[in-house]
Amino acid sequence: TLRRLFANGALTSYVVPSEEGPHRKYYGMTTEGRHMLETQAKTWGAFTGTMDGLLDAAGVAS
């Protein structure tokens, strides 16, 4: 998932050498990544709102 997000420009990364084991890779969110997160959070909110409405109409407790 991190590689996919990095390839899509949502993340930056850098490597820190370690004397005790493998090098450590750190990731940070880019401006584009924040925009993607905001957009996908809105999409998810709309989806869950629709599903809640359908479940309520069907009489299923959520």
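Biologist: Before we look at Glu38, what do buried, exposed and partly exposed mean here?

Modeller: A residue is called buried when its relative accessible area is under 20%, exposed when that area is over 50%, and partly exposed in between. This is a predicted model, and in it Glu38 has a relative accessible area of 47%, so Glu38 is partly exposed.

Biologist: And which residue does the side chain of Glu38 meet in a salt bridge?

Modeller: The partner is Lys42, and the two side chains come to 3.4 Å, taken from N to O. Lys42 has a relative accessibility of 59%, and therefore counts as exposed.

Biologist: Where do Glu38 and Lys42 lie?

Modeller: Both residues belong to helix 2, which covers residues 31-57, and they are four residues apart, about one turn of that helix.

Biologist: How many salt bridges does the structure hold?

Modeller: The structure holds one salt bridge. As for the charges in general, the protein has 6 positive and 6 negative ones, and their mean positions are 9 Å apart.

Biologist: Let's step back to the fold. In what order do the elements run?

Modeller: Starting at the N terminus, the order is α-β-β-α, which fits a secondary structure of two helices and two strands. The radius of gyration is 19 Å, whereas the globule rule gives 11 Å for 62 residues, so the protein is more spread out than a compact globule.

Biologist: What box do the C-alpha atoms fill?

Modeller: Along the principal axes, the box is roughly 60 × 25 × 15 Å.

Biologist: And how much of the protein is buried?

Modeller: Buried residues make up 10% of the 62 residues. The protein exposes about 5,300 Å², of which carbon and sulfur atoms supply 59%. Among contacts with a separation of 6 or more, 10% are between residues 24 or more positions apart.

Biologist: Take Ala10, then. Is Ala10 buried or exposed?

Modeller: Ala10 is buried, because its relative accessibility is 5% and the cut-off for that class is under 20%. Its place is in the loop between helix 1 (2-7) and strand 1 (11-16).

Biologist: What is Ala10 in contact with, leaving aside neighbours within four places in sequence?

Modeller: With those neighbours set aside, Ala10 is in contact with Leu5, Gly28, Met29, Thr30, Gly33 and Met36. Leu54, which is 44 residues from Ala10 in sequence, is 33 Å from Ala10 in space, C-alpha to C-alpha.

Biologist: You mentioned Thr30. Where is Thr30 found?

Modeller: Thr30 is found in the loop between strand 2 (24-29) and helix 2, and with a relative accessible area of 16%, Thr30 is buried. Apart from neighbours within four places in sequence, the contacts of Thr30 are Gly9, Ala10, Leu11 and Thr12.

Biologist: Now Gly28. Which residues does Gly28 touch, not counting those up to four places away in sequence?

Modeller: Gly28 touches Ala10, Leu11 and Thr12 on that count. Gly28 lies in strand 2 and, at 25% relative accessibility, counts as partly exposed. Between Gly28 and Trp44 there are 23 Å in space, C-alpha to C-alpha, with the two residues 16 apart in sequence.

Biologist: Last one, Gly21. Where is the place of Gly21?

Modeller: Gly21 is in the loop between strand 1 and strand 2, and its relative accessibility of 47% makes Gly21 partly exposed. Gly21 and Phe47 are 26 residues apart in sequence, and their C-alpha atoms are 43 Å apart in space.

Terms used
Residues numbered from 1 in each chain as written. Predicted model: local features only at pLDDT ≥ 70, side-chain atom pairs only at ≥ 80, totals over all residues. Heavy atoms only, no water. Rg over C-alpha atoms; globule rule 2.2 N^0.38 Å. Buried < 20%, exposed > 50% of the residue type's maximum accessible area, 1.4 Å probe, protein only. Contact = heavy atoms within 4.5 Å. Areas by Shrake-Rupley, 256 points an atom, 1.4 Å probe, with all protein chains shown as cover. Lys, Arg positive; Asp, Glu negative; His and termini not counted. Charge placed at Lys NZ, Arg CZ, Asp CG, Glu CD. Salt bridge = Lys/Arg side-chain N within 4 Å of Asp/Glu carboxyl O.
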